[in-house]
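Q: Could you take a close look at one chain here and walk me through how it is built and how it meets its partner? I'd like one connected account rather than a list.

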Amino acid sequence: MSGDWNQALARVPELLAAHVQLSFSALLLAMLICLPLAIWAARSPRVAGIALAVASLIQTIPGLALLALFYPLLLGVSALVGGGISAFGFLPALCALTLYALLPILRNAVTGLTGVDPAAREAADGLGMTAWQKLRLVEAPLAAPTIMAGIRTAAVWTIGAATLSTTVGQPSLGDLIFAGLQTQNWTLVLAGCLFSAALAISVDLLLGLIERGIRERERIWAGAGIAMIAAGLAIATLPSMMARDNIVVIGAKGFSEQFILARLIGSRLEDAGYAVRYRDGLGSAVVYQALAAGDVDVYVDYSGTIWTNQMQRTDSQPKAVMLDNIAQWTSATHGVKMLGALGFENTYAFAVRPEDAREKSLRTLDDLARVSSDFTFGTDVEFLERPEWRMVQDTYPIRFRDARSFNPTFMYPALASGEVDVISAFSSDGRIAANNFVVLEDRKGAVPSYEAIVLLSPERSSEDRFVKAINPLIGAITVANMREANYMVDREKDKKTPKQAALWLKDKLKE
Amino acid sequence: MPVSGPSISLQQLSRHYGTVRAVDSVSLDIAAGTLVALVGLSGSGKSTLLKMINRLVEPTSGTIRIGDEAVDSIDPHILRRRIGYVFQNIGLFPHMSISRNIAIGLELAGEKEGRDERVAELLDLVELPQDMASRMPDQLSGGQQQRVGVARALATRPGLMLMDEPFGALDPVTRDNLTDQYKALHDRLGLTTIIVTHDMAEALYLADRVLVMEGGQIKADATPAELLSGNVGEEAEALVSIPRAQAAHLIGLGKPA
C-alpha cells in the first residue's frame with residue numbers, strides 16, 4: 001500500500017505544477033476577457049444579454065465535450081493559417097477552461113457593476129467625473145467584492161475541470177485519476193482527487209481572504225491573500241521551470257494495454273539513453289493527430305482503427321494488404337512511419353457468459369443475432385459510434401433489447417454480474433479468459449483486423465538510434481503474453497503497475 | 001455681501017421625451033446672487049429643467065448661458081466641476097471616508113495642496129464636528145450625510161449651486177435647521193442657487209424668487225411676498241393656499257377658546 005502511495009506521490013509535484021499553470025492561465029485569460037466585456041455590458045443591456053446568454057450556453061456544454069470540441073477546432077485553425085498551432089496539450093485545454101471560467105466572472109462583474117447605487121452614479125456625474133474616473137473611483141471599487149466572488153467561483157470550477165485536460169494530452173492531476181480508474185488503482189485515483197480538491201480548497205480560501213479584504217476595506221487581508229497566492233504559484237510552477245529538452249513523449253490511449261506498451265517502449269528508449277515522458281489517456285483521434293504534429297513521438301495503434309477512423313475505409317482486406325496500405329497512407333499523408341506490427345491482435349470481440357453460451361448454444365455472431373432481441377449489450381463508450389458496429393450490423397441481423405456504455409474497467413464485471421448479457425470485449429484482454437467468457441466467432445469477417453502497430457512521428461522516423469531501440473519489439477509479442485500482462489494490471493488481487501507488467505513483458509519478448 | 005455667483009439665462013429651452021414635453025420652451029433670466037426656488041408637482045418638469053443647467057440632461061432645443069458662456073460650449077465634466085450639485089439621495093461614496101468624499105472634487109481637479117485644511121473648513125461651514133472626517137458614510141445620520149453632501153458640493157468653491165429636493169428625505173426638525181443654515185451660507189458666500197422643491201412653504205421661506213412650474217412651463221414668477229398676496233395665477237394659488245390654510249389653522253388652534 002505504501003508503495004502505491006509513494007508511486008502516486010512521486011508524480012504529484014510535476015502534475016500539480018502543470019495543473020496550477022493551466023488553471024491559473026485559464027483564469028487570468030478569462031479575467032482579461034470578462035472584465036472589459038463586463039464594463040461594456042454594464043453600459044449596454046443588449047451587450048449584457050448577448051454576452052451572458054453565450055456564456056451560459058457554453059456552461060451547459062459538459063467540460064469533457066468542450067475539451068473535445070477544441071481539438072478539431074484548433075486543427076482547423078492550424079490548417080487555415082498553414083500549420084504551427086498545436087491542437088494537442090496546453091492550448092486546447094487552456095481554451096476550453098477559459099471558456100468555462102467566463103460565466104461566473106462575467107455574471108458577477110455585470111451584476112456588481114450594474115448594482116452600483118444609482119445615487120453614487122448620479123453624484124459621480126454631478127461632480128464632473130469622466131467615464132473613466134467614475135469607473136475607477138466609484139463603480140469598480142463598489143463592484144469589487146462581487147467581482148471577486150465570481151473569480152473565486154471560477155477558480156474552483158477551473159481547478160476541478162482541469163483534471164479533464166488529460167484527455168487532450170495536457171498533464172494535470174487528472175492523469176492520476178484517469179490512470180487509476182483504468183487500472184483500478186484506487187490509490188492513484190484517491191491521490192489525484194485529494195490533491196486537486198486540496199488545491200481548489202486552498203485557492204478558494206485565499207481568494208476568500210482577498211474578497212473579505214476588499215469588502216471590508218481591510219487592505220492587510222487582501223494583501224496577505226495576494227502574497228500567499230503568488231508564493232503558492234511560484235512554488236507550484238517551480239518543477240516545470242526545469243529544463244526539458246529532447247524528451248521523448250510516448251502516447252497512450254486510455255486502457256491498460258496501452259499503458260503497458262507505452263512503458264515497454266519507454267523502457268527500451270531509456271535503455272538507449274533517451275529521457276521519456278508519458279501522455280496517458282489520450283482519445284483515439286487526438287493521439288494520431290498529435291503524433292502527426294510531432295507532439296507525441298511514438299505510440300501503439302491498431303490497424304483497424306487507422307483503417308476506419310483515419311483512412312475512412314469500409315472495405316475488408318486481408319491483414320497483410322491492410323498493413324501495407326496503412327504504411328503507405330500514413331507515410332504519404334502525414335509523414336508518419338509505421339514501424340511494424342507487434343505480433344498480436346486486439347480486435348473487438350463479442351463475449352458472453354459461459355452458461356449462456358452453453359444453454360443457448362452460442363458460438364458465432366449468427367447465433368447471437370438469433371437471441372439478440374432478449375440481450376442487453378454492454379460496450380465501451382465509443383463502440384456504438386464506431387464504423388465496426390455498423391459493419392457488424394450490416395453483416396448480421398443483430399438488434400439488441402438495450403445497450404449500455406461503460407468504462408472498460410466496469411464492462412467485464414457488468415457481464416459477469418448479469419447486468420448485461422453480451423459485451424464488445426477486446427480480444428487481448430486478460431479478463432476474458434479469467435472470467436471464462438466465451439468469444440463468439442465472426443465467421444463472415446465483419447470486423448476488420450486490429451493488429452497492434454507501432455507508429456513514429458515524422459521527426460523520429462529518420463532517427464536511427466530511435467528506430468533501432470524500438471525495432472526489436474516488432475513481431476515479438478504474442479497474444480497470450482499480452483493477455484497475461486494486461487491481466488496483471490487489471491485483476492483485483494496482486495495487482496501490478498503498468499510499468500511492472502511492461503518489464504515482465506520485456507522478458508518474454510520473442511527473439 | 002460679496003456676490004461671486006454667476007447670472008443664468010435660459011432661451012426657449014425645451015426637453016421632449018417622445019411626445020411628452022417635460023420642459024416646454026422656457027425662457028428665463030436669473031440675476032447673479034439670487035436664491036431661486038423651482039416649485040411644482042411631480043412631473044411638472046422642474047428637475048429636468050435643473051439638470052439641463054449642468055448637462056445631466058441634454059436639451060432638445062434652446063440655449064443655456066451661465067454668465068456669458070453657453071453651457072454646450074463646455075465639456076460636460078468640466079462644466080459640472082464648476083457647479084455644485086446636491087440631490088435628495090445624497091450619493092455619498094460608501095467606500096470613501098467623509099474627508100475623501102468632501103475632497104473628491106479637489107481630487108478630480110488635481111489639487112493636492114491644502115486638502116485637509118479645506119475639509120476642516122467645510123466641516124465647520126456645514127456645522128459638523130471635525131472628528132467626522134475619518135468616519136465612513138454609513139456611520140452618519142441622514143441629516144449629517146446631507147451636510148456632507150453640501151460640503152462636497154461647495155469644496156471647489158462653485159459660484160452656482162443646483163439643488164434637487166436637497167432636504168426632501170430628512171425629518172422636519174433637521175430639515176428646518178439645514179434650510180436655515182443653507183440660506184445663511186448662500187448669503188455669506190454670495191452664491192447663485194437654484195433649488196427644486198415640491199414644498200411651497202419651504203420655497204416661500206427660503207427663496208428670493210419663486211418659479212411655479214406646471215406642464216413644463218413656468219406658470220408663475222414672483223417674490224414670496226407677491227405670491228402670498230395673491231393675483232399670480234391659479235397654479236401658484238393652488239400651491240400657496242396649502243401652507244396658508246395650514247398656518248391659519250395653526251394660529252386658530254393657538255388662540256385661547
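A: Helices and strands here are DSSP runs, with at least four residues for a helix and at least two for a strand. On that basis, chain B of this predicted model has nine helices and 10 strands. Its radius of gyration is 19 Å, close to the 18 Å that the globule rule gives for 257 residues, so chain B is as compact as a globular protein of that length. If you'd rather think in box dimensions, the C-alpha trace of chain B spans about 55 × 55 × 35 Å along its principal axes.

Now for the inside. Of the 257 residues in chain B, 49% are buried. Take the contacts in chain B with a separation of 6 or more: 68% of them are between residues 24 or more positions apart.

On the outside, chain B exposes about 11,700 Å², and 51% of that comes from carbon and sulfur atoms. As for charge, chain B carries 24 positive and 32 negative side chains, with the centres of the two sets 3 Å apart.

Then there's the partner. Chain B puts 21 residues in contact with 17 residues of chain A. Between them, chain A and chain B bury about 1,600 Å², with carbon and sulfur atoms giving 68% of that area. Over on the chain A side, A:E122, A:L127 and A:L137 stand out: they supply 33% of the area that chain A buries against chain B, more than any other three residues.

Methods
Residues are numbered from 1 along each chain as its sequence is written. Chains are lettered from A and ligands numbered from 1 in the order in which they are written. This is a predicted model: local features need pLDDT of at least 70, side-chain atom pairs count only at pLDDT 80 or more; totals for chains, interfaces and linings use all residues. Side-chain values use heavy atoms; hydrogens and water are left out. The radius of gyration is taken over C-alpha atoms; the globule rule is 2.2 Å times the number of residues to the power 0.38. Buried means under 20% relative accessible area, exposed over 50%, partly exposed in between (1.4 Å probe, protein chains only). Contact means heavy atoms within 4.5 Å. Accessible areas come from the Shrake-Rupley method with a 1.4 Å probe; for residues, only the protein chains shown count as cover. Lys and Arg count as positive and Asp and Glu as negative; His and the chain ends are not counted. The place of a charge is taken as NZ of Lys, CZ of Arg, CG of Asp or CD of Glu. Buried area is the accessible area (1.4 Å probe) that two parts lose on being put together, summed over both.
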